[in-house]
Amino acid sequence: MDAFILSYAVVNGLLQGAIYGGVALGLSLIFGVLRVVNFAHGSFLMLSLYISFWCWSLFGMDPYLSALINIPAMFALGYMVQSVIIAPLIKRESAMVVEPLSALLLTAGVFLVMDNAALMAFGPDVRALQAGYYVPTIVVGGIPISGQRLIAALAAFAVAGGISYWLRHSDMGRAIRATAQNRDAAAMSGINVSSVYAMTFGLGCSVLGLFGALIAPFLPISPAIGLAFGIKSFIVVVLGGLGSISGAIVGGIVIGVFEAVASQFVTATSASIGSLVLFILILIFRPQGIMGRA
Amino acid sequence: MKTTIAAKSTRSGGLRLNQTTVLVTILLVLALAPIVVTDSFTLHSMIMVLFFAYMATSWNFVCGYVGQLSLGHAMFNGMGGYVSVLMFTQLGLSPWLGMLFGGVLAMVTAVLIGLPTFRLKGPYFTLTMIAFAEIVRIWIENTNEFAGIPLKGAEGLIVPNRGDDFWAFQFSTKLPYYYIILSFLAVALVATAWMERSKLGFCLKAIRGDRDAAEALGVNPTFYTSLAFAISAFMTAIGGSFYAQFFRYINPERSMGLELSIDMAVMSIIGGQGTVLGPLLGAAILTPIAEIARGEFGGGLLGLHLVVYGLALMLCVLYFPKGAIEPIRKLCLRYFGGNER
Amino acid sequence: MSEEILRVQGLSKWFGGLQAVKDVNFSMQRGEILGLIGPNGAGKTTAFNMIAGFLKPNSGSVHFAGKDMTGHKPWDVCRAGVARTFQLSKPFGDMNVVENLMVGGFARHTDRSRNEARAFEIAEFLGLGDRARSEAQSLTAFDRRKLELGRALCTEPQLLLMDEVVAGATPSEAEEMVQLVRKVRDRGVSILIVEHVMKVIMSLSDRVIVFDHGELIADGKPADVVSRPEVLKAYFGENYDIAGA
Amino acid sequence: MSKSNWARSVQKVLMAGAMTAAMGSSAFAAEAVKMGCVLPLSGGSAAVGNQTKVGVEIAAKQINDAGGIKSLDGAMLEVVFADSQSKPDVGVTETERVIARENVSVLCGAFNSAVTFPATEVAERMKTPWVVVGSVKDEITERDFKYIFRINNKATYDAREQIDAMDMLKDEFGSGPKTLAMLYEGSDWGRSHAANVKVIAAERGYEIVVDEAAPPNQTDFGNQLLKIRAAKPDAVIVALYTPDHLLFTRQMMEQRLDLPFGVHSVGGGMEDPAFYKALPPEAAFYAFVQEDWQIDILKVSTDPAILSADEATKAALGYGMSAYTAQGISAVYVIADALERAKSADREALRAALAETDIQSGPALVTGYNRIKFDEQGQNTFAHGVISQNIGGERKTMWPKENRAADSTPVWPVPAWSDR
């Protein structure tokens with residue numbers, strides 16, 4: 001393994017890993033605040049990709065520009081899913097019937113409905129959109145870097161930073177953090193918990209709205225794409241620490257670089273088995289993840 | 001005859017007799033059904049319903065009672081199928097024996113996996129089980145040969161046709177398969193009913209209710225969950241062998257895929273997890289939905305039945321957390337009186 | 001009243017850099033009700049959990065009826081004859097009162113009908129006889145607490161560890177609980193009770209031990225112990241010490 | 001999607017009604033012949049299944065419009081579609097259903113080898129003839145079955161043809177690849193193809209330097225591409241379905257990965273019209289594609305049935321015929337041919353007629369074969385793939401040489417990205 005190939009692998013892994021991390025941000029945020037593992041996470045991304053596709057295909061809208069539609073649309077959808085589907089469960093839970101798996105099952109139901117409704121509505125065909133212009137590939141030290149992927153990767157860092165800042169410095173952000181730490185105490189100090197939950201869910205989904213627009217230009221879109229990203233996001237988030245914003249990015253990069261480097265030595269399939277093993281080991285021995293607090 | 005049994009049990013008002021009666025009645029009706037049903041397709045569909053009922057019951061045996069959501073049970077199904085088929089094709093061993101080896105392998109795997117993972121709570125456990133099952137599936141899909149055993153990767157295994165041969169577990173008509181899966185299901189249901197009343201059932205429910213309190217009451221959670229998990233894995237593996245023999249073909253994608261695990265879990269949950277008859281009810285409701293959606297709409301409405309699954313799952317979680325069996329049970333109570341089932 | 005049922009020697013526990021329990025020694029006689037008191041954060045619950053097997057001590061030992069039980073798992077401790085109740089405990093869902101009680105019975109016997117009969121008996125004993133077939137979830141908070149006690153009794157303990165039995169109870173409920181605990185003792189069960197409500201401790205305990213900052217600072221008759229300056233200081237702070245001196 | 005399906009079926013019913021009315025009372029006498037068609041209409045291979053379905057519908061409509069099966073008093077062909085969901089057990093159940101319930105005379109399908117293999121066994125047991133569409137697994141026609149017929153290639157043919165084409169180009173131009181990389185999807189089709197290529201490549205003296213399976217629905221091929229770059233093979237053999245093939249091709253272009261003797265795809269994504277709609281044309285320049293039909297047949301053919309089928313496909317799907325559509329059309333014409341000769345919709349008679357099939361002209365040969373004739377195992381021994389090269393955005397047949405059009409010249413070796 002020469003140094004050039006190795007550094008190439010690391011660059012690939014960084015790019016892909018940051019994208020994984022960006023996609024996983026919402027999952028981590030939602031878990032951190034609501035303690036809900038959103039099984040339908042990938043489905044939201046799938047839908048967001050389709051929105052970008054249709055905007056382009058029907059109105060010729062630039063995929064990056066379609067973020068302006070995706071973000072509010074996904075926010076609204078997330079807000080609705082939380083307040084219509086999940087909120088009744090949380091209300092029931094506070095009435096002492098605690099069933100920790102119910103939320104997972106609910107979102108699994110959302111996943112089944114969304115993925116298959118997409119199949120019914122859009123058909124199984126693979127779609128891909130082509131921007132009218134060509135985002136150039138940059139060559140650094142002989143290593144070609146896809147411009148589109150670089151944009152998405154940089155956006156992941158920016159969004160993670162932005163959310164962290166916002167959580168710390170805005171009123172809503174402080175309310176969200178307070179609710180995450182102690183729901184009942186937050187409610188007693190006058191925070192509208194159900195609105196915070198819906199906001200958080202909407203925010204988590206709107207991140208997917210952004211990334212849908214950012215990765216649509218280079219990713220083939222089909223109803224099945226959601227699950228592929230969904231499972232990757234679970235791995236990333238568990239690795240980084242469920243609920244941690246920076247952890248999502250770190251987890252994404254660890255997985256990205258791990259798979260990129262490992263697949264130069266073994267087959268890519270073995271590398272993906274390796275990342276699943278890593279996932280299990282983390283869950284068993286350090287369930288709080290790399291960045292999570294014990 | 002059925003009515004007399006029912007009447008007697010109502011009079012005696014026995015707490016458990018009611019459930020036993022319902023169970024026996026259902027099994028009797030199913031056993032007699034082929035007298036009326038002669039059409040081979042209907043029989044085939046009924047075999048599929050019983051098969052899924054059996055799989056859901058196996059899943060329920062541990063997950064329903066201990067309150068953990070395993071989405072990795074398909075792995076045991078695959079093990080059962082692969083071991084019995086490979087022993088048949090490589091060693092000429094009858095699948096009737098091979099399935100026991102498959103079951104034992106699944107049991108051992110279940111204990112090895114269960115020991116570290118059953119400590120994990122809720123979603124963590126679910127995700128870990130998905131990961132384990134995916135590892136096994138991806139590994140088999142990409143392994144043509146392992147230690148001299150031809151696993152044939154994603155291509156899958158074929159069971160050579162031997163015609164009508166009991167020892168080869170092959171029959172030219174559907175009827176034998178029907179009675180085989182029906183007896184498997186009967187055993188699984190009786191085992192569940194027995195387990196529910198035994199120490200094991202009480203311990204599992206206690207662990208589901210409050211793990212710390214259960215420990216304080218002398219329940220070793222690791223021991224009892226592992227025991228139930230092993231039995232559940234064994235039953236699931238036997239189902240995998242049946243599947244392999246019935247279709248005479250298995251591949252990793254279908255036999256070990258996430259979709260089968262979701263089917264098993266969703267059927268149990270919608271029917272009523274942690275009850276004896278819930279999974280049977282769930283399979284009886286959901287399997288035909290898939291058949292009808294396919295039969296009526298052909299390819300017109302792709303994925304319709306899965307949308308229905310998803311909606312049913314959400315409705316159940318929100319409004320019938322104990323599954324569809326709960327309202328039915330209440331209705332029965334109102335009309336037939338007596339104690340709870 | 002001479003046989004020693006519990007002996008705790010040199011028990012210590014650290015959490016990170018913090019020592020929650022410091023070299024504690026005490027013992028209990030068979031048939032005794034021992035009260036364990038102390039201000040918040042004194043290490044009562046930690047010591048309690050180490051005896052019940054939920055925490056492993058860093059050093060020291062716990063002997064039960066002459067047998068070393070140090071670091072044994074909760075279920076083994078239970079089978080050896082030590083039961084415990086929790087400050088916050090949920091009844092087991094989807095099970096009625098009798099079935100909840102039967103879980104305890106299975107710790108010692110596998111015979112279902114025997115356990116069922118015994119569970120009914122305990123339900124009567126607790127005054128829950130008329131609710132024996134009710135869903136445990138539907139009980140009032142206080143009945144749940146009694147159920148919690150009943151489950152522990154069904155394991156047929158020789159020693160019962162009770163954690164805050166009357167927290168949140170009304171005065172009349174507290175009185176009922178005190179009577180129940182006495183009745184339990186009359187059945188030959190020794191009881192170690194952690195409690196905040198002084199009145200309960202004073203009326204129930206044969207003897208009281210006091211914890212402060214992880215150390216055992218007093219051991220004696222309830223009336224004697226509460227008047228000791230170090231106990232008053234632990235409860236009311238330095239100011240009291242100055243004022244009283 | 002579903003809307004257009006509805007519209008189409010309504011249209012079909014209306015057409016059939018009008019037809020029967022026009023033909024008077026004799027048409028009422030002839031009972032329609034039912035044929036079952038098991039296809040993956042949902043699940044992983046749904047895109048392909050739906051293209052095949054369109055082909056089957058078009059061919060059935062053409063035959064019915066032309067007066068149905070003449071030897072059966074103009075009996076109409078009625079196609080019963082069944083969805084296998086790309087799953088073996090569902091495929092078997094559906095086969096059972098259309099045979100027992102719908103009482104079809106003949107079946108076709110089911111694209112996925114994993115489905116076709118057990119489903120054809122049901123057909124064999126229930127003595128119903130089955131015309132295999134799309135499945136290439138060798139064993140399907142190696143079981144001494146009497147009722148199973150396959151028009152298209154076996155898997156081993158596909159692999160051999162790819163290497164044959166390389167050998168041919170080597171002879172023609174005096175240079176060719178020595179080392180090969182293989183990248184294939186990690187399920188049945190990709191893996192069995194790779195296994196076949198390995199055997200044949202070794203026999204012909206090629207060295208496999210990269211051997212990578214990819215689980216379906218990848219989100220990134222950067223790692224595999226890098227591995228190929230590091231191993232510096234002369235050419236790469238690709239067997240991927242559409243989504244992965246798209247991603248691979250796009251990233252290969254972005255990364256400017258040069259291979260002197262190009263990309264050799266065994267079809268999959270590169271024979272799917274959706275593929276070419278989704279990429280800039282230059283991404284697939286100079287790629288070789290092995291397909292189960294001749295892509296430029298529409299330029300060669302003058303058969304009105306084939307030309308109108310292409311129009312009908314465009315109307316239904318928005319793009320012209322693909323290998324999958326063509327295979328659906330071919331299967332229906334083979335069945336219609338057998339029905340004409342059998343003069344009966346009886347399964348036994350139909351089986352006998354299928355076994356005697358010897359078609360040398362007509363729309364059944366839309367896939368580009370010279371002849372359809374089954375051996376005693378039911379395999380069409382005249383099946384062969386066609387390998388094209390993408391020249392300026394157009395796939396031109398290069399192999400077999402006989403099928404090459406006059407103006408088609410292979411570009412060999414292929415130019416580097418920087419020279420394009």
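How many residue pairs, both at pLDDT 80 or more, are in polar contact between chain C and chain B? The count is three, and the tour below reaches that interface after a few other stops. Please keep in mind throughout that this is a predicted model.

**First stop: chains A and B**

Begin by showing chain A and chain B together, since among the five pairs of chains that touch, this is the pair with the most contacts. If you select the residues that take part, you will pick up 37 from chain A and 39 from chain B. Between them the two chains bury about 3300 Å², and 86% of that area lies on carbon and sulfur atoms. To see which elements of chain A contribute, colour α3 (67-94), α4 (102-122), α9 (225-240) and α11 (268-285), each of which gives two or more residues to the side that touches chain B. Of these, select α4(A) next, because it is the element that gives the most to that side, with 14 residues. Colouring the side of chain A that touches chain B by residue class then shows 31 nonpolar residues, five polar ones and one charged one. A search for salt bridges across the interface of chain A and chain B finds zero, and the count of residue pairs in polar contact, with both at pLDDT 80 or more, is likewise zero.

**Second stop: chains C and B**

Now hide chain A and bring in chain C beside chain B, where 26 residues of chain C are in contact with 23 residues of chain B. The area buried between chain C and chain B is about 2300 Å², with 61% of it on carbon and sulfur atoms. Show the side chains of C:Trp75, C:Phe106 and C:Arg112, for these three supply 27% of the area that chain C buries against chain B, more than any other three residues. The rule for salt bridges finds zero across this interface, whereas three residue pairs, both at pLDDT 80 or more, are in polar contact between chain C and chain B. The helices to colour on chain C are α2 (74-80), α3 (97-106) and α5 (141-154), each supplying at least two residues of the side that touches chain B. The largest share of that side, five residues, comes from α3(C). Sorted by class, the side of chain C that touches chain B holds 12 nonpolar, six polar and eight charged residues.

**Third stop: the sheet of chain C**

Stay with chain C and select its four strands in the order β2-β1-β4-β5, which form an open sheet with antiparallel pairing. At the edges stand β2 (18-29) and β5 of chain C, and each has a single partner strand, so one side of each is left without a neighbour in the sheet. Add helix α1 (residues 44-52) of chain C, which packs on this sheet and touches β1, β2 and β4, its direction making about 120° with that of β1(C).

Within the sheet, look at strand β1 (residues 4-15) and strand β4 (residues 59-64) of chain C, which run antiparallel and are joined by five bridges. One residue to label here is C:Gln9, whose bridge partner in β4(C) is C:Ser61. From there move to β4(C) and strand β5 (residues 67-68), which pair in the antiparallel sense over two bridges, with C:His63 standing opposite C:Asp68 in β5(C). The hairpin of β4(C) and β5(C) has two residues between the strands, and in it C:Ala65 takes a positive phi near 45°.

**Last stop: the sheet of chain D**

Before leaving chain C, show it with chain D: no contact joins the two, and their closest C-alpha atoms lie 37 Å apart. Then select chain D alone, where seven strands form an open sheet of mixed pairing in the order β7-β6-β8-β9-β10-β13-β14. Its edge strands are β7 (207-214) and β14 (394-399), each of which pairs on one side only. On average, neighbouring strands of this sheet are turned by 25° against each other, direction ignored. To finish, zoom in on strand β10 (residues 288-291) and strand β13 (residues 386-391) of chain D, which pair in the antiparallel sense over four bridges. Label D:Gln290 and its bridge partner in β13(D), D:Ile387.

Note on methods:
Residues numbered from 1 in each chain as written. Chains lettered and ligands numbered in written order. Predicted model: local features only at pLDDT ≥ 70, side-chain atom pairs only at ≥ 80, totals over all residues. Heavy atoms only, no water. Pairing = 2+ DSSP bridges. Axes fitted to C-alpha atoms, helices over the stretch in contact; angles between N-to-C directions. Contact = heavy atoms within 4.5 Å. Buried area = accessible area lost by both parts, 1.4 Å probe. Salt bridge = Lys/Arg side-chain N within 4 Å of Asp/Glu carboxyl O. Polar contact = N/O pair within 3.5 Å; in protein donor to acceptor, adjacent residues only side chain to side chain. Nonpolar A, V, L, I, M, F, W, Y, C, P; charged D, E, K, R; others polar.
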